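Let's take a stroll through a protein model together. Keep the picture handy as you read.

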Amino acid sequence: MSTGGLIVLMFTAVVASVISSVFGLAGGAILFTVLTWVVSIKEAIPIHSGVQLIGNTSRVLVYIREVRWDIVWRFVLLLVPGAYLGGLFFGYFHPLLLEFLVGAFILATVLIPQPKHQSIHLNVFIGVGFVSSFLGMIVAVTGPFIASFFVFNNVTKEAMVGTKSVCQALTQLSKIIVFSSVMKFDFTSFAFALLLLGFMAVIGTFIGKKIIGKISDKKYNHLNNMLLGSIALSMMLKVILTLVL
């Protein structure tokens, strides 16, 4: 990894972490995109997991009082099996197809009107955990997929960021275990970059914490849906352009 590439990634890590600390999503997608400019895709996915683990852990500590543990324990039940299967099927599923389908699903959750005062059963998060860790081994960025399920439940903005950070931290941890054991990825080769980018992510977390308190719940929900919709469209458009060009 070149010095110039590392400097760009440091700046990106801060910006991405600020966005994740405010909305609980999008930051990972931004960081992963820039990572693919600096290193190969096979290196970008595990490195992304390492940095995101540090960033999400810092957000867990900041929002610990807001975490919905009734969602978390369901989410983690099938994380490791999902990541293990995702690792086994790494070369069998085309990442572009999965990315398009994930984008289409996210867009549907934003566009389909949701009944007021109605939420999905919390046991759905058992399946969400399995699917997110499976997809995470292949397409890397699953934060928007997870966030789309919070749209169905009446969760405060702080609770959403805190709960989602726990879920994603555990997802990244399960991926790292599989990358290390099953796929034999050498994380020690990127130890300095991981620690440096992780530190920048922690800085971004505290900046984001100050910003989120200044946004009203109504405006937050509107911005969150706009962000989810934009990410979904960009994922689908990226796939289409890749196949056409």
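Here is a short report on the fold, the core and one cavity.

## Ground rules

This is a predicted model, so to speak of local features takes a pLDDT of at least 70, side-chain atom pairs count only at pLDDT 80 or more, and totals for chains, interfaces and linings use all residues. Residues are numbered from 1 along each chain as its sequence is written, and side-chain values use heavy atoms, with hydrogens and water left out.

## The fold

The chain has 11 helices and zero strands (DSSP runs: H or I of at least four residues for helices, E of at least two for strands). Contact here means heavy atoms within 4.5 Å. Take the contacts between residues at least 6 apart in sequence: 85% of them join residues at least 24 apart.

## The core

Of the chain's 245 residues, 50% count as buried (under 20% relative accessible area, 1.4 Å probe, protein chains only). The largest nonpolar core, a set of buried Ala, Val, Leu, Ile, Met, Phe, Trp, Tyr and Cys residues joined through side-chain atoms within 4.5 Å, has 64 residues. Among those with the most contacts inside this core are Phe125 and Tyr220. Setting aside neighbours within four places in sequence, Tyr220 touches residues including Val22, Phe23 and Ile212.

## A cavity

A cavity is a set of points on a 1 Å grid over the protein atoms alone where a 1.4 Å probe fits but cannot get out; lining residues have an atom within 4 Å of a point. There are two cavities of 30 Å³ or more. The second largest has a volume of about 60 Å³, the space filled by probe spheres set on points joined across faces, edges and corners. Its lining includes Ala13, Gly27 and Arg59, and the elements giving two or more residues to that lining are α1 (3–23), α2 (27–38) and α3 (41–62).

Methods. On a 1 Å grid over the protein atoms alone, a cavity is a set of points where a 1.4 Å probe fits but cannot get out, and a pocket is an open set with protein on both sides within 12 Å along at least five of seven lines; lining residues have an atom within 4 Å of a point.
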